[in-house]
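Reader: I am a first-year student and should be grateful for a close look at a single part of this structure. Could you please describe that part in one connected account, together with its surroundings?

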Amino acid sequence: MKKSPHAALHHALDEAQFGFARTLDLRAALPTGAEAVRRAEPWLRERQVANAGTVLVITGRGNGSVDGVPVVRNSIRKLLTALKRKGVVAEVREHTPSSYEVTIASFRTMF
């Protein structure tokens, strides 16, 4: 499926801002909620050790989910909330309806 000019521009801006090393695209693999969490948690912890700053986590909107419930998006939101309490994540904001912009906490905050 071809992207609209607006979507293509937004994607190009995201690539320029975050790059490959600071983007986790969960949407492409179509994981279950549990699979998405198993993939995202170690990746976010690695980004903390690497002092990555702000990263992009692409969840998708959940349009293809049963009854339109965004399973991956909801699972990742719960994970981000838990990792914020644990000092891995400093801040989370919705970047788009299908992604989160996550500021990784300094590794020192864990001690």
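Author: The account below concerns helix 2 and the elements around it. The model is a predicted one, and its protein chain contains three helices and four strands. In sequence order these elements follow the pattern α-β-α-β-α-β-β.

Helix 2 covers residues 33-49, which amounts to 17 residues. From its first C-alpha to its last it reaches 25 Å, close to the 24 Å expected at 1.5 Å a residue. Just after the helix, Asn51 adopts a positive phi of about 55 degrees.

Which residues of helix 2 are buried? They are Gly33, Ala36, Ala40, Trp43, Leu44, Arg47 and Gln48. In reading such a list, it helps to recall that an α-helix has 3.6 residues a turn, so residues three or four places apart point the same way. The list includes Ala36, Ala40 and Leu44, and it also includes Trp43 and Arg47.

Against what do these buried residues pack? Their partners are strand 1 (23-25), strand 2 (54-58), helix 3 (71-85) and strand 4 (99-104). Two of these partners, strand 1 and strand 2, form a right-handed β-α-β unit together with helix 2.

The strands of that unit are themselves joined. Strand 1 and strand 2 pair in the parallel sense, over three bridges. Within this pairing, Leu24 stands opposite Val57 of strand 2. Strand 2 is mostly covered, for four of its five residues are buried.

Strand 2 also pairs with strand 4; here the two run antiparallel and are joined by five bridges. Ile58 has Ser99 in strand 4 as its bridge partner. Strand 2 is thus linked to strand 1 in the parallel sense and to strand 4 in the antiparallel sense, while the buried residues of helix 2 pack against each of these strands.

A few remarks concern side chains and the chain as a whole. Arg73 lies over the face of Tyr100, at 4.1 Å from the ring centre. The structure holds zero aromatic pairs. Of the 111 residues of the protein chain, 37% count as buried. Among the contacts with a separation of 6 or more, 61% are accounted for by residues 24 or more positions apart.

To return to the part in question, helix 2 belongs to a right-handed β-α-β unit, and its buried residues pack against three strands and helix 3.

Terms used
Residues numbered from 1 in each chain as written. Predicted model: local features only at pLDDT ≥ 70, side-chain atom pairs only at ≥ 80, totals over all residues. Heavy atoms only, no water. Expected span 1.5 Å × (residues − 1). Buried < 20%, exposed > 50% of the residue type's maximum accessible area, 1.4 Å probe, protein only. Contact = heavy atoms within 4.5 Å. Pairing = 2+ DSSP bridges. Right-handed = clockwise from strand over helix to strand, strands pointing away. Phe/Tyr/Trp six-rings, centres within 6.5 Å; stacked < 30°, edge-to-face > 60°. Lys NZ or Arg CZ within 6 Å of the ring centre and 35° of its normal.
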